[in-house]
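This report concerns charged side chains and their surroundings in a single protein chain. Please consult the sequence and structure shown here alongside the text.

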Amino acid sequence: MRRVTIYDTLSRESRLFVPRFPPRVGMFVCGLTPYDEAHIGHARVAVVFDVVARALARWGYRVFYVQNVTNIDDKILGRAGELGLDPFALAARHFGEWREAMERLGVRSVQYYPHATDYLPEILEQVGQLVDRGFAYRTDDGSVYYEVAKFPGYGKLSGQKVEALRPGARLEIDRNKHAPEDFVLWKAATPGEPSWESPWGPGRPGWHIEDTAITARLLGPRYDLHGGGLDLKFPHHEAEIAQAEAATGLAPLVNFWMHAGLVSMGGEKMSKSLGNVYSLTQALDEFGPMVLRFYYLNAHYRSPLEFTRGESLEAAREAYARLSLPYRRLRSQWDQEAPERVGEELPEELASASADLVDRLDETLADDFQTREVIAQLFVWGHRVAEWLPKLDRLSSGALATLAAPYRWVEETLGLFEEVEASGSSDLAAAVGVAIEARTRARTRGDFAEADRIRDALRSARIELEDDTTGTRWERTASK
RNA sequence: GCCAAGGUGGCAGAAUGGUUAAUGCGACGGACUGCAGAUCCGUUUCCUGGGGGUUCGAUUCCCUCCCUUGGCUCCA
């Protein structure tokens with residue numbers, strides 16, 4: 001297992017990552033509340049932690065990665081009410097869209113998506129523990145609140161002091177609560193809304209409780225890694241610590257807290273309530289999943305990312321196209337050929353440079369997941385590969401593998417290049433080959449009108465031609 | 001007001017107590033081309049918010065101020 005350092009938001013320092021029970025790693029990331037379409041801010045978190053999980057797995061850790069789905073809460077109920085839909089059907093629909101988007105983006109490291117409503121027994125058990133241990137109280141209306149004053153560590157994650165919260169603008173005024181900062185664990189049922197039976201009366205879970213009930217069940221009372229968007233740090237993650245540590249008496253709940261930077265648009269956080277959103281589906285349709293993935297990983301995960309319509313993803317598309325080009329060429333070579341191929345070998349120096357680079361990529365990523373730096377190093381490698389591109393067809397399969405090694409590393413670990421497919425020897429390749437020959441003959445006899453007609457026809461079939469000194473190549477245009 | 005994260009070239013965005021402060025986008029020039037595009041090569045030596053301090057040396061460490069963003073019980 002590789003030595004990995006991770007910046008922990010609780011201690012505010014980078015620390016050596018040591019799981020409680022190596023090589024196993026328990027990892028939890030706050031998922032979404034599927035009441036509406038996801039936007040590109042949500043997907044950033046998903047991609048970032050997908051890379052974390054992929055990398056840890058690559059380095060020999062056995063990661064159990066869980067991401068919850070809040071399928072019951074105020075927003076879902078509110079939206080379902082507006083639309084006249086069943087709240088669970090609404091949640092299921094948007095979660096289905098999310099899974100589809102994740103599949104397109106190559107986010108496949110999440111092993112389990114627990115739904116809040118499947119964990120009612122665990123939720124009730126934890127609320128009960130908190131009541132029994134004196135950290136929570138029932139109010140007359142049948143709700144149960146967490147009494148923040150009873151938990152001295154409250155505020156340690158976000159640096160907030162409880163007294164400082166009191167003048168806060170949005171503390172809800174509720175006579176039932178002992179103190180304004182107390183938060184709801186179990187919310188008494190409202191007529192006409194879904195509810196579950198409990199020792200305190202019918203109701204539904206509060207916002208924070210599902211996460212700790214789920215992790216207590218799946219990952220144990222203490223676990224290794226908890227991630228989420230920066231906007232969840234307070235109050236949500238603070239509440240998770242208070243709930244779990246008070247319920248079990250064991251601390252710390254989590255060894256490493258990771259928070260991903262937010263995506264902003266027009267200088268403000270992208271958020272549905274502000275209306276400055278760019279939908280995930282739209283981004284995927286317009287630019288393709290790999291461009292979006294590249295866009296996210298081209299920044300450090302903790303940095304804020306300012307999204308500019310008409311610029312950000314266009315720039316990412318250009319950069320990604322250039323980054324992936326040498327790999328596309330390499331792939332087109334070895335898939336057309338038999339597994340082993342005799343040919344020219346690379347200079348010793350280049351072969352060892354390839355191996356060194358792969359080592360360096362691991363090292364770079366293991367230092368708090370510096371994906372941007374990994375990409376920068378791959379761009380530099382691309383310049384070295386470039387001089388070999390015109391003579392790829394003369395290289396041995398071993399030489400090709402050497403040139404491709406850093407790309408394969410990035411493909412496996414960052415999940416880029418997934419759309420890169422070999423041209424292959426399919427019927428399509430044969431048909432395109434015939435067309436290219438016809439065009440070449442037309443060009444040779446100076447019939448450029450005919451040559452351009454063929455090029456345009458192929459283009460409309462999403463086949464792009466490129467002429468260079470060695471002849472004409474073709475590629476399928478990225479599917480949308 | 002309190003808490004947190006930031007401020008680096010035209011833009012995006014890294015890194016580091018020490019030779020020319022990555023990389024990419026864009027721009028410009030060149031090669032290649034029937035043309036276009038793509039690609040390749042080169043240039044874009046005058047970019048680290050202001051002011052103090054520590055140091056032989058600060059963009060990096062410390063103090064302070066300014067500004068931006070996020071949070072202050074809906075949020076990824």
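## Asp 362 and Arg 58

In this predicted model, Asp 362 of chain A is buried, because its relative accessible area of 6% falls under the 20% limit. The side chain of Asp 362 forms a salt bridge with that of Arg 58, at 2.9 Å from N to O. This pair connects distant parts of the chain: Arg 58 belongs to helix H1 (residues 40–58) and Asp 362 to helix H11, with their positions 304 residues apart. Arg 58 is partly exposed, its relative accessible area being 29%.

A salt bridge also joins Arg 58 to Glu 412, with an N to O distance of 3.3 Å. Here too distant parts of the chain are linked, since Glu 412 lies in helix H13 (residues 397–413) and Arg 58 in helix H1, 354 residues apart. Glu 412 has a relative accessible area of 44% and is therefore partly exposed. In general, side chains of opposite charge can pair when their charged atoms come close.

## A pair within one helix

Arg 455 and Asp 452 are joined by a salt bridge of 3.2 Å, N to O. Both residues are located in helix H15 (residues 448–460), at a separation of three residues, or about one turn of the helix. Each is partly exposed: Arg 455 has a relative accessibility of 26%, and Asp 452 has one of 33%.

Elsewhere, salt bridges with shared partners unite Asp 50, Arg 54, Glu 103, Arg 108, Arg 293 and Glu 418 in one network. The count of salt bridges comes to 26.

## A negative patch

Which residues form a negative surface patch? The patch consists of Asp 356, Asp 359, Glu 363 and Asp 367. Glu 363 is situated in helix H11, which spans residues 348–365. With 55% relative accessibility, Glu 363 counts as exposed, whereas Asp 362 is buried.

## The chain as a whole

Chain A contains 15 helices and 15 strands. Its C-alpha atoms occupy a box of roughly 90 × 50 × 35 Å along the principal axes. Of its 480 residues, 53% count as buried. Among contacts between residues at least 6 apart in sequence, 75% join residues at least 24 apart.

The exposed area of chain A is about 21,700 Å², of which carbon and sulfur atoms supply 50%. The chain carries 58 positive and 72 negative side chains, and the centres of these two sets are 2 Å apart.

Technical notes:
Residues are numbered from 1 along each chain as its sequence is written. Chains are lettered from A and ligands numbered from 1 in the order in which they are written. This is a predicted model: local features need pLDDT of at least 70, side-chain atom pairs count only at pLDDT 80 or more; totals for chains, interfaces and linings use all residues. Side-chain values use heavy atoms; hydrogens and water are left out. Patches are made of residues with over 30% relative accessible area and no salt bridge: like charges are joined within 9 Å, nonpolar side chains (Val, Leu, Ile, Met, Phe, Trp, Tyr) within 5 Å. Accessible areas come from the Shrake-Rupley method with a 1.4 Å probe; for residues, only the protein chains shown count as cover. A salt bridge is a side-chain nitrogen of Lys or Arg within 4 Å of a carboxyl oxygen of Asp or Glu. Lys and Arg count as positive and Asp and Glu as negative; His and the chain ends are not counted. The place of a charge is taken as NZ of Lys, CZ of Arg, CG of Asp or CD of Glu. Helices (H or I, at least four residues) and strands (E, at least two) are DSSP runs, numbered from the N terminus. Buried means under 20% relative accessible area, exposed over 50%, partly exposed in between (1.4 Å probe, protein chains only). Contact means heavy atoms within 4.5 Å.
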